[in-house]
Amino acid sequence: MARTNAIRESFGDKLFLTLIYAFLSIILLAVLYPLIYILSSSFSSPQAVISGRVWLLPVDFSLAGYKAIFSNPQIMTGYGNSLFYTVFGVLINVCLTIMLAYPISKSTFYGRHIIMVLLVITMMFSGGLIPYYLTVKNVGILDTRWAMLLPGAMAVWQVIIARTFFQSSIPKELGEAAELDGCTDIGFLWRVVIPLSKPILAVLVLMYAVGHWNAYFEALIFLKSQGLFPLQIVLRNILILNSIDSSMMVDANKMAAMQGLRDLLKFSLIVVATVPILAIYPFVQKYFVQGILIGSLKG
């Protein structure tokens with residue numbers, strides 16, 4: 001009869017694991033329930049939302065919130081602006097990050113340690129909000145789309161992650177072989193390094209895309225034209241300002257309906273604003289974990 005090598009857990013170990021699972025389950029519910037509540041509320045009727053009848057599942061299924069969103073020109077303009085800032089901002093960010101991270105990852109690059117010290121200093125110290133605003137104003141990009149793209153065109157933390165990835169994942173022998181074949185540095189970067197760097201590219205794209213999509217503060221201080229507002233500013237106007245037109249005060253029924261629709265718009269707009277980022281993640285998940293682990297190793 002074969003002997004089993006299974007290790008029997010003591011009562012204390014089983015109790016400890018039970019408590020851990022119970023604690024993690026509570027944390028999961030605490031995180032998951034607000035998301036389910038927002039999603040269910042967005043598909044409920046305005047009357048069900050304002051009366052508080054929505055707890056877990058949609059009540060009086062309705063698409064009134066989404067119809068109001070996609071028929072509102074201000075919201076659609078903000079949505080389009082956020083897509084524009086995210087797509088072109090990510091292109092600028094990734095290009096500049098690679099252009100800086102790859103050279104300083106080469107041991108033969110003179111002055112790379114000085115550049116790294118200067119980069120790290122910018123992570124710890126800044127000039128402050130007023131110099132930041134005056135710089136954008138003096139450059140001439142205030143209240144333009146460039147104000148959302150150029151000031152944050154490159155993040156030091158992402159440069160460090162990309163540099164570490166290049167150091168640990170791109171063999172020096174590949175560069176030496178390419179040099180013997182007459183390949184230039186730019187040609188080696190484009191033909192060899194970038195195709196082998198899909199994991200770190202996925203990390204950079206996701207990090208920068210989330211940052212641009214959620215960009216709020218820069219738009220608040222740099223943009224004045226409503227036609228340039230991203231979706232987050234529109235979301236702020238609905239969620240925080242939440243002003244009621246004084247002309248509606250004369251009709252209580254109409255005012256209640258307006259308030260119900262406004263509350264419904266909050267939940268629907270949160271769902272619409274979250275979908276693009278959630279849609280990106282499945283496509284980069286394959287490379288994300290690998291890239292973030294390799295890029296975080298000390299180089």
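Tutor: Before you start, a helix here is a DSSP run of H or I with at least four residues, and helices are numbered from the N terminus. Keep in mind that this is a predicted model.

Student: Okay, so D143 lies in a loop, but between which helices?
Tutor: D143 is worth finding, since its phi is positive, near 60 degrees, in a residue other than glycine. Follow the chain through α6, which covers 129-139, and on past that helix. The loop holding D143 is the one between α6 and α7.

Student: And does D143 count as buried, partly exposed or exposed?
Tutor: Buried would need under 20% relative accessible area, and exposed would need over 50%. D143 has 23% relative accessibility, so it counts as partly exposed.

Student: Which residue has a positive phi of about 55 degrees although it is not a glycine?
Tutor: Look in the loop between α2 (46-51) and α3 (64-71). The residue there is partly exposed, because its relative accessibility is 45%. Its phi is about 55 degrees, and its name is D60.

Student: Zooming out, how many helices and strands does the chain have?
Tutor: Reading from the N terminus on, the elements run α-α-α-α-α-α-α-α-α-α-α-α-α. The totals for the chain are 13 helices and zero strands.

Student: What share of the chain counts as buried?
Tutor: The cut-off for buried is under 20% relative accessible area. The chain has 299 residues, and the share of them that counts as buried is 35%.

Student: Which residues have the most contacts inside the largest nonpolar core?
Tutor: That core has 27 residues. Helices α4 (73-105), α5 (112-124), α7 (156-169), α9 (185-193) and α10 (198-213) each supply at least two residues of it. There is also a second, separate core of 22 residues, with I75, L235, V272 and A273 among them. Back in the largest core, the residues with the most contacts are V94, L119, F166, V193 and I200.

Student: How are α4 and α7 set relative to each other: parallel, antiparallel, perpendicular or oblique?
Tutor: Their axes come within 8 Å and cross at roughly 45 degrees, and the crossing is right-handed. The contact is made by residues including T97, I98 and Y102 of α4, together with V159, A162 and F166 among those of α7. Angles under 35 degrees count as roughly parallel and 65 to 115 as roughly perpendicular. With their angle, α4 and α7 are therefore oblique.

Student: Which helices do the buried residues of α9 pack against?
Tutor: The residues to look at are G187, F188, L189 and V193, which are buried in α9. The helices they pack against are α4, α7 and α8 (172-180).

Student: Leaving aside its neighbours within four places in sequence, which residues is S82 in contact with?
Tutor: S82 lies in helix α4. At 1% relative accessibility, S82 counts as buried. With sequence neighbours within four places left aside, its contacts are W213, P230, L231 and Q232.

Student: How much of the span 146-166 is helix?
Tutor: UniProt, in an unreviewed entry, lists 146-166 as a transmembrane region, and 82-102 is also one of those listed. Residues 82-102 have end C-alpha atoms 29 Å apart, and that span is 100% helix. For 146-166 the end C-alpha atoms lie 30 Å apart, strand comes to 0%, and helix comes to 52%.

Notes: Residues are numbered from 1 along each chain as its sequence is written. This is a predicted model: local features need pLDDT of at least 70, side-chain atom pairs count only at pLDDT 80 or more; totals for chains, interfaces and linings use all residues. Side-chain values use heavy atoms; hydrogens and water are left out. A nonpolar core is a set of buried Ala, Val, Leu, Ile, Met, Phe, Trp, Tyr and Cys residues joined through side-chain atoms within 4.5 Å. Buried means under 20% relative accessible area, exposed over 50%, partly exposed in between (1.4 Å probe, protein chains only). UniProt positions are given in the numbering used here, feature names are shortened, and annotations may be inferred rather than shown by experiment. Axes are lines fitted to C-alpha atoms, for helices over the stretch in contact, and angles run from 0 to 180 degrees between N-to-C directions. Angles under 35 degrees count as roughly parallel, over 145 as roughly antiparallel, 65 to 115 as roughly perpendicular and the rest as oblique. A crossing is left-handed if the near helix is turned anticlockwise from the far one by less than a right angle, and right-handed if clockwise. Contact means heavy atoms within 4.5 Å.
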